[in-house]
Amino acid sequence: MPEYFEEDTLDDLLNKVTKKVLCCGSKLNPSRGQMRELFGVSIVLKNPRARLSRSESRGKVLSALGELLWYLSGESKLEFIQYYLSKYEEESDDGVLVRSGYGDRLFKYNNINQIDNVIETLKRKSSSRRAVVQIFDGSDLAGNYSSIPCTCLFQFAIRNGRLHMITYMRSNDIHLGLPHDIFSFTMIQEIIAKSIGCDIGEYQHFVGSLHLYERNVDAAEQYLSEGFHDQIEMDAMPDSDPWEAIKVVLSFEEKLRVSSCSLNIPEELHEYWKDICRLLVVFKYIKNKKSELLPGCVDTISNDYLKLYVRDKIHSFLSE
């Protein structure tokens, strides 16, 4: 029977969905291990800016940000995402590209920039029902690949002056995938909203197989034991066209990732985007175990919401 969940924040959604899967999920044993599954699930995040978990175990802003920038780069190169999430090594067939990545599918699908098409479609006709991005492709079933996209499509629609977004996923892991996906997809929703000059509406996330692997049950129960979390949200993106800022952030990210030196935050950026760059610096210091440089990072973050994450992440790292 289809399941429906609707909440204001990611944590409230994760709490209810995790409880439901633990108590009522059907037990299956597919190729990647035993799991519990809800089939046919609708999840609605009424406030897409409340896209991050405040949990110590589920607050994955740094790796989620890396995954978002990987998508926005328009590429699906393993070396990019491997820096943030080493698990992607298992997803590549050739050690170079990740077929299940979304970047080239969003921006180079059959030599078509699907994101540009959506923006132009909605600018021409705000009531359009054609603003759809296709990610899953029939060719994904034509070979025995290590991984194929879990996301099938995005749909965007302007209703009552706000940009709403629908995602359909064939498969979604509650513990590992869902928090990252909702972060990345609602950020894309807000980027497109700013590109066409409207605010964001609700985010709807439809999943065929929503599941939890048995190996992650203890971690899921630990998350639930933390109880409910404060309702806080990210700041709104600046009202200007976001793409020039994204281009600068992507350039900074690449230089930071491949360089052994520290880099200055680009001065031309709005504070919103400067904080994104500062988070990337924090990630690099943690990854390279530069513990002596971390304490000074907290005060560089201008947004109080993100500052909480940085403080928690640094505290966790230094306590290890």
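# A guided tour of the predicted model

Start with the whole protein chain in a surface view: its accessible surface comes to about 15100 Å², and 47% of that belongs to carbon and sulfur atoms. Keep in mind along the way that this is a predicted model.

**The whole chain**

Switch to a cartoon view. You should find ten helices and seven strands. Turn the C-alpha trace around, and its principal axes span about 50 × 50 × 40 Å. How does the radius of gyration agree with that of a compact globule? A compact globule of 320 residues would have a value near 20 Å, and the protein chain has 19 Å, so the two agree. Of the 320 residues, 56% count as buried. Contacts also reach across the sequence: among those with a separation of 6 or more, 69% join residues 24 or more positions apart.

**The largest pocket**

Next, select Arg32, Glu91, Cys150, Asp173 and Tyr213. The largest pocket holds about 1100 Å³ of space, and of the 39 residues that line it, these five are the closest to its centre. Now colour α2 (61-72), β6 (162-173), α6 (177-196) and β7 (199-213), the elements that give two or more residues to the lining. Which element gives the most? That is β6, with five residues. If you colour the lining by residue type, you will see 13 nonpolar, 14 polar and twelve charged residues.

**Thr167, in strand β6**

Stay with β6 and select Thr167, which has its place in this strand. Is Thr167 buried or exposed? With a relative accessible area of 0%, Thr167 is buried. Show its surroundings: leaving out residues up to four places away in sequence, Thr167 touches Thr151, Leu153, Phe154, Phe185, Tyr203, Gln204, His205 and Phe206. Pick out Phe154 from that group and draw a distance line between C-alpha atoms; Thr167 and Phe154 are 13 residues apart along the chain, and the separation is 4.6 Å.

**Arg257, in helix α8**

Move on to helix α8 (residues 243-258), where Arg257 lies. This charged residue has a relative accessible area of 15%; the cut-off for buried is under 20%, so Arg257 counts as buried. Which residues is Arg257 in contact with, apart from its neighbours within four places in sequence? They are Glu79, Phe80, Tyr83 and Tyr84. For another distance line, try Leu106: it is 151 residues from Arg257 along the chain, and their C-alpha atoms are separated by 23 Å.

**Thr121, in helix α5**

Now go to helix α5 (residues 114-124) and select Thr121. Thr121 is buried, with a relative accessible area of 15%. Residues up to four places away aside, Thr121 touches Ser128, Arg130 and Ala131.

**Two loop residues**

Finish with two asparagines. Select Asn110 in the loop between α4 (103-107) and α5. Although Asn110 is not a glycine, its phi is positive, at about 50°. Asn110 is exposed, with a relative accessible area of 61%.

The last stop is Asn160, in the loop between β5 (151-159) and β6. Here too phi is positive in a residue other than glycine, with a value near 55°. Is Asn160 buried or exposed? At 82% relative accessibility, Asn160 counts as exposed.

Technical notes: Residues are numbered from 1 along each chain as its sequence is written. This is a predicted model: local features need pLDDT of at least 70, side-chain atom pairs count only at pLDDT 80 or more; totals for chains, interfaces and linings use all residues. Side-chain values use heavy atoms; hydrogens and water are left out. On a 1 Å grid over the protein atoms alone, a cavity is a set of points where a 1.4 Å probe fits but cannot get out, and a pocket is an open set with protein on both sides within 12 Å along at least five of seven lines; lining residues have an atom within 4 Å of a point. Grid points are joined across faces, edges and corners, and a volume is the space filled by probe spheres set on the points. Helices (H or I, at least four residues) and strands (E, at least two) are DSSP runs, numbered from the N terminus. The radius of gyration is taken over C-alpha atoms; the globule rule is 2.2 Å times the number of residues to the power 0.38. Buried means under 20% relative accessible area, exposed over 50%, partly exposed in between (1.4 Å probe, protein chains only). Contact means heavy atoms within 4.5 Å. Accessible areas come from the Shrake-Rupley method with a 1.4 Å probe; for residues, only the protein chains shown count as cover.
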